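Ready for some practice? Take a look at the structure below, then work through the exercises one at a time.

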Amino acid sequence: MIAAYGIPVTRVERSKLHDIPLENIPFGKYFTDHMLEADYENGEWKNIEIKPYQPLLLSPSVAALHYGQAIFEGIKAYKDKEGNPFIFRPVDNYKRFNLSAERMQMPTVPRELFVEGMRQLIDLDKNWIPEKDDHSLYIRPFMFSSDELIGVRPSDTYKFMIILSPTGPYYVAPMRIYVEEHYSRAAPGGIGYAKAAGNYGASMLVTAEAKKKGYDQVLWTDALEHKYVQEIGTMNVFFIIGDKAITPDLTQGTILAGVTRESAVTLLEEMGYKVEERKISIDELVEAYQAGSLNEVFGTGTAATISLIKELRYKDFVMNFDVSKWEAAPELKKRLNDIRQSKVIDKHGWMYKV
Ligand code: COI
């Protein structure tokens, strides 16, 4: 247990909480009073502490700033009716974090530091968890290489941190999506499955170009043929075709193994859908749309939760959807929210008590 590390806590003198309205808050703009910080040096994690949220003092030569050896996670905390805080599936994110770390040649983080450190931090800042629907406390663990050296090699030192942000919905309205055929997000053998900072940095130009054309995000296609769909923006993607829910499989290592994706697979099966995780070509989607069987398209993600897609554009072919008639995505969202807000019994053991 992390108690053995004895995480020292320095508390703020005055909480900022009362200066920030916990309603209608934009995603990721405000941060709570405290943060967790730890350093990796000489093969071990040390200097573990919880302290007031504050800027970092970094040398301009810090390796992460130059070569992007940096990874992160996104997790959410909620309160039940009695006000008890819970974290949604932190152990799954912990496992994914360490997979990202291995791919980026970074040290793994012990479970006690990641999960128990997060629990203690949230316990301290639990009053920051918003109670409004579609609101939550977004948890951002991250790690970056901290050697002061601009030679290209893995660092000997790393910093691991957790910050917390009370937050509202990431995507507010149903989205218009552009099927991307020129740029690629990930190729087999690359870092698509890792939550590496560079994956997001590389998406900005592409998203900006889609925005100029009037779209909110892109649907990434495979790097080799631009034929098979991968993810939408920062989300995994699901298609309801007839009575099936279909989502791209993870076998190529090009897609992030979303914790919300995995939860959606489980819940959709419970809702009676036959879930298929497999390759999906854009041609199959167009054919299903023309045949009238492509009923719903939605994204899943920690930040995005379940986000409805009202338009999909492939070349000059536009697929429009009347989201008001949908059944699967709204029901899925409700079931997920009911579990997160502890309105129903958590039979999957997804809620981690703080
Ligand atoms: C998340 O869903 O937690 C993400 O990582 C998306 C984020 C980049 C906003």
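**Exercises: the ligand and its surroundings**

The ligand sits in the largest pocket. Keep in mind that this is a predicted model.

**Exercise 1.** Work out which residues surround the ligand, and sort them by class.

*Solution.*
- Step 1: Go round the ligand and you meet Phe27, Phe72, Gly74, Tyr138, Arg140, Tyr170, Lys195, Tyr200, Thr234, Thr302 and Ala303.
- Step 2: Sorting this shell by class gives 6 nonpolar, 3 polar and 2 charged residues.

**Exercise 2.** Where does the ligand lie relative to domain 1 and domain 2?

*Solution.*
- Step 1: Domain 1 covers 2-169 and domain 2 covers 175-340.
- Step 2: Both domains give residues to the shell, so the ligand lies between them.

**Exercise 3.** Find polar contacts to oxygen atoms of the ligand, using a cut-off of 3.5 Å between N or O atoms. Then say how much of the ligand the protein buries.

*Solution.*
- Step 1: Start with side chains: a polar atom in that of Lys195 is 2.5 Å from a ligand oxygen.
- Step 2: Now try the backbone. Ala303 has an N or O atom there at 2.8 Å from an oxygen of the ligand, and for Thr302 such a backbone atom is at 3.3 Å.
- Step 3: On its own the ligand exposes 280 Å², and the protein buries 91% of that.

**Exercise 4.** How many cavities of 30 Å³ or more are there, and what lines the largest cavity?

*Solution.*
- Step 1: The count is 2 cavities of 30 Å³ or more.
- Step 2: The largest cavity holds about 60 Å³ of space.
- Step 3: Its lining residues include Lys76, Asp134, His135 and Arg340.

Methods
Residues numbered from 1 in each chain as written. Predicted model: local features only at pLDDT ≥ 70, side-chain atom pairs only at ≥ 80, totals over all residues. Heavy atoms only, no water. Near = heavy atom within 4 Å. Polar contact = N/O pair within 3.5 Å; in protein donor to acceptor, adjacent residues only side chain to side chain. Areas by Shrake-Rupley, 256 points an atom, 1.4 Å probe, with all protein chains shown as cover. 1 Å grid on protein atoms, 1.4 Å probe; cavity = no way out; pocket = protein on both sides within 12 Å on 5 of 7 lines; lining within 4 Å. Sits in = over half its atoms within 2 Å of the grid points. Nonpolar A, V, L, I, M, F, W, Y, C, P; charged D, E, K, R; others polar. Domains from an automatic or database assignment. Points joined across faces, edges and corners; volume = space filled by probe spheres on them.
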